[in-house]
Amino acid sequence: MWRHIASNALSFLVVAMFLVGGAIMWGTNSYSKAGPLEEAICLQVERGSNMRKVASDLQDAGAVSSARLYKIGSDYAEKTSQLKAGSYLVPEGASMAQILDIVTRGGQSTCGTEIVYRVGVRRTVVQMRELDPATNRFEEIASFNPVEDEVPAEFATVSEAADTRHRIAMAEGVTSWQVMTALNALDVLDGQITETPAEGSLAPDSYEVRRGDTAASVIERMTAAQTRILAEAWDSRAADLPLATAEEALILASIVEKETGQPEERRQVASVFVNRLNRGMKLQTDPTVIYGVTKGEGVLGRGLRQSELRRETPWNTYVIPALPPTPIANPGRAAIEAALNPDGSEYIFFVADGTGGHAFAVTLEEHNRNVAEWRKIEAERAEQNSGN
């Protein structure tokens with residue numbers, strides 16, 4: 001009798017273990033496989049929300065097949081407490097595991113509405129954009145110059161919404177004065193910067209900010225990023241450069257940044273200046289002269305005068321036989337790397353070629369031909385413009 005009972009109990013245990021194992025395998029597969037979402041959605045996670053609420057929202061939106069299983073998976077992965085508030089793009093067919101990673105990874109919004117403050121060389125532009133989950137593309141709602149244009153009526157509402165993402169996009173080649181002026185004018189930031197940061201010390205990049213962040217804290221982030229970029233590039237610099245310090249490399253990089261907007265030309269332009277420095281030649285570059293006139297406070301807005309080209313300032317490289325004493329703008333990573341790893345060319349001249357790029361030359365005779373060609377192009381364009 002007892003043997004029969006023991007045999008039945010053992011059979012029951014085997015069946016139970018088989019069922020439990022099957023349930024675990026089913027749950028694991030369901031958690032990891034592609035989800036039922038047929039079209040991307042923008043998932044809103046409010047501040048103070050919890051994973052149970054998110055699981056329910058995902059099930060209601062058709063993104064997961066089981067809110068309970070999603071919650072169990074988050075508990076098992078020990079990520080339930082890592083939920084971040086924000087607006088998150090959940091792509092078509094995302095698995096539960098992928099969705100969990102999206103809402104706990106970094107806390108930055110990846111969809112919904114964003115306001116981008118673009119600090120450019122010529123002006124600052126504010127863009128309001130909204131991501132269309134179906135196309136995964138941002139659609140512009142409005143764009144305006146905060147100094148010259150009337151602020152759109154919807155801007156205040158959008159800007160103050162809890163789920164709106166704010167981002168500052170700093171372009172390569174802007175001056176520290178331009179950055180300071182732009183940040184001081186942004187209503188999303190608190191406080192004022194009272195002293196212009198050192199020229200060249202700010203890293204052009206995109207910076208996520210939140211309402212209530214201070215302008216000074218953004219400058220600190222920009223400075224820390226540029227310090228890191230410069231140190232890394234300096235450590236991997238080419239041998240035998242005519243640059244004694246990382247600061248001199250930053251100065252040269254700022255000149256390279258202002259001389260060309262063509263990424264493929266940066267190392268060639270850098271090689272021209274390195275060759276000139278090695279030969280003791282003057283750099284003779286207009287952007288440094290312009291900086292001597294403006295001190296980085298705004299755009300010159302006209303051509304250089306002959307008197308300005310002859311005037312002796314610390315930044316007039318037609319007069320001084322070396323690098324200027326400071327950078328003339330904030331160079332990006334690519335310009336810094338180009339300055340410290342230039343092409344191994346013999347070029348010592350370059351001039352615009354009419355395409356947005358430059359024609360390079362080794363000899364003065366070749367350079368003069370390139371200059372003549374450029375002046376011909378300028379004359380033809382002037383004639384066409386006068387005819388219009």
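Over which residues from 12 onward does pLDDT stay under 50, and how many contacts beyond four places in sequence does the model have there? The stretch is residues 12-20, with zero such contacts. Here pLDDT is the predictor's confidence in each residue, from 0 to 100, and contact means heavy atoms within 4.5 Å.

This is a predicted model, where local features need pLDDT of at least 70, side-chain atom pairs count only at pLDDT 80 or more, and totals for chains, interfaces and linings use all residues. Residues are numbered from 1 along each chain as its sequence is written, and side-chain values use heavy atoms, leaving out hydrogens and water.

**View 1. Confidence along the chain.** The chain has an average pLDDT of 84, and 89% of the residues score at least 70. Over residues 1-7 the pLDDT is below 50, and this stretch has zero contacts beyond near neighbours in sequence. Where pLDDT is low, the predicted coordinates should not be read in detail.

**View 2. Helix α6 meets helix α7.** Look for α6 at residues 176-184 and α7 at residues 215-235; helices are DSSP runs (H or I, at least four residues), numbered from the N terminus. Val179, Leu183 and Asn184 in α6 meet Ala215, Val218, Ile219 and Met222 in α7. This contact has six nonpolar residues, one polar and no charged. Nonpolar covers Ala, Val, Leu, Ile, Met, Phe, Trp, Tyr, Cys and Pro; charged covers Asp, Glu, Lys and Arg; the others, Gly among them, are polar.

Methods
Axes fitted to C-alpha atoms, helices over the stretch in contact; angles between N-to-C directions. Helix = DSSP H or I, 4+ residues; strand = E, 2+ residues; numbered from the N terminus.
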